[in-house]
Amino acid sequence: MTKIVGNYLKHDMIHLPINIKHSHCYLACINVEKSEIQVLDSLCWEHKRVDLTNMLQGLQYHLDILKTQENLCNHNWKDLDVTKWTITEQLHNPIQKDSSSCGLFMLKFMEYWTGHTLSHHITQEIIIEFRYKLAAILLCWKTNTAQASATIEESDYSEGDPNDVVMFECIDENQSNTLNSVSTEKKYQSLITVLSNMSVHELESGLCNYIKSINSAETLEKVWVQSSGPYPISLTLKRLQRMLNEKLPMEHDCFNLVVRKIMFDDIQTAKKTKGLISKHYLDMRFWLDLEQLAYSVSSWPGIKYNVSSCKTVRPLPYTCQHNFFYNIHLISSLFQIHIPIQSNNGFILSVLAKDTRAVYILDPTPIDHIYQRNPYAKYVPRLLWIAEHLPKAMTNACPGSTWNENIFLWHQHIINNIPIRNRELSGYLITLFMSTWDDEKLNFPFLKDGYELRKQILAKLLTFKKNDCEVNMPAGVLDIINCIRNIQTNMNVKT
């Protein structure tokens, strides 16, 4: 050990990992230039650093031995009494948001700490990405010869982690060729094991970062997601990549396919629980194509049901054409109609509630300053259009029903406490509103930021089980998608 400490003297900065009773890790940096012990702790724990003191005392013991040696190498250390050096905390606010990433933060500190500052910004999101990258780096490292030179078996020891392994002695040359042939497969299985132990959030982050990194024009033109029923929608990798661009709004095909995915999930849930379909979704294409509209309001592919038994219908953005209400008689017995409206490159959700005679407006777009004094004025033209055409359609379909009333005279409520974002994000938010609206309120999940929502929506498309073009995806991408599906399936089983 004294010899190792002697090698420290050849360097101007030493990074020492510190572990606090197997519960937390942080970095202690010996800065020779400043004669300073610099502490980088991702949690900024406030304590006396007893563990660091013990480490420095151990280091000092070996330095004292070196000071007595006549052949001590030349070095730049001004002072060998490290226990007297100043200890400084370099971070003053915690940057770690979970309870398990301290070791990964410590590795990044080692990589980026210059002795004066961090050369790169480090966040919890970066560490989440780094976690899966590190696993892949270690498994695919060219110097990783463990698979080819040793046999790996599970330990029979009853205590400890069930994934513990035992490394046996090196094998003879006669067996090496056989092991080399399966080395790649073993590494692949090891990588799958790592992926299987990651959270959905970590898997989605890794998948989205991989998609963002692709710049091959040929690859970007490949169709990654395609659904044939009830009509074909195809999304190239380039269009999926654009969903992660925070400056771009949601494309209509992406929007429509997300709704199809939501409907598919509802159908599968109804089949498993032997329940009824509580919502019926239409999309923009249906409003422009009367034949498709007539077909779609009856049922979705894979299940037959009478739309009149559904509690809610949630059509997507419409145009101001009379086609919109061509088949409105098929939904005349519904309690609610959800109408997302496209306005100024943004999306707004209007919910018409027949039982309470109320119109609920969910608007995630910024309010223009001209509407500050009267926010309702923003929605008047659209509500007037609906009020004019809805009674006409309902008169023939359901005489005397509430839907024949002038909905402009109904109570109008602008829902507060919803996240106000830029117009580019509104399409993503509306799909979330549609699936979380329940009895005059939103059961809205915690939304950290817009990019996080984009990742979640993109993951919905990539994990769509009715995707006809998974064959175009790389094997590694499919592995991550299958891991996400497995986690979601297990969660559904538990609930």
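**Group meeting: a walk through a predicted model**

Good morning. The structure before us is a predicted model, with a mean pLDDT of 76 along the chain and 71% of its residues at 70 or more. Confidence is uneven among the elements: strand S6, residues 165-167, has the lowest mean pLDDT, 35, and helix H9, residues 237-242, the highest, 96. Over residues 287-299 the pLDDT is below 50, and beyond near neighbours in sequence this stretch has 37 contacts in the model. Another stretch, residues 315-333, also stays under 50, and for these residues the model has 71 contacts beyond four places in sequence.

Let us turn to the sheet. How are its strands ordered? The order is S1-S2-S3-S4, in an open sheet of four strands with mixed pairing. Strand S1 (13-20) and strand S4 (86-89) are the edge strands; each has a single partner strand, so one side of each is left without a neighbour in the sheet. From one strand to the next, the twist averages 25°. S1 pairs with strand S2, residues 24-31, in the antiparallel sense over eight bridges. Within this part of the sheet, Ile18 has Tyr26 of S2 as its bridge partner. A helix also belongs in this picture: H3, residues 102-112, lies across S1, S2 and strand S3 (36-40), and runs at about 20° to S2.

I now move to a pair of helices. In general, two packed helices are described by the angle between their axes and the distance between the axes. Here, the axes of helix H7 (residues 200-213) and helix H15 (residues 450-462) come within 10 Å and cross at roughly 90°. H7 and H15 are therefore roughly perpendicular to each other. Which residues of H7 and H15 meet? Those in H7 include His201, Glu204 and Leu207, and those in H15 include Tyr451, Lys455 and Leu458. By class, this contact has seven nonpolar, three polar and four charged residues.

Finally, consider strand S11, residues 336-343. Is it largely enclosed or left open? Seven of its eight residues are buried, so S11 is largely enclosed by the rest of the structure. Its antiparallel partner is strand S12, residues 346-353, and eight bridges join S11 and S12. Along this pairing, Ile339 stands opposite Ser350 in S12. The hairpin of S11 and S12 has two residues between the strands, and Asn344 takes a positive phi near 50° there.

Thank you for your attention.

How values were computed
Residues numbered from 1 in each chain as written. Predicted model: local features only at pLDDT ≥ 70, side-chain atom pairs only at ≥ 80, totals over all residues. Heavy atoms only, no water. pLDDT = per-residue confidence, 0-100. Contact = heavy atoms within 4.5 Å. Axes fitted to C-alpha atoms, helices over the stretch in contact; angles between N-to-C directions. Parallel < 35°, antiparallel > 145°, perpendicular 65-115°, else oblique. Nonpolar A, V, L, I, M, F, W, Y, C, P; charged D, E, K, R; others polar. Pairing = 2+ DSSP bridges. Buried < 20%, exposed > 50% of the residue type's maximum accessible area, 1.4 Å probe, protein only.
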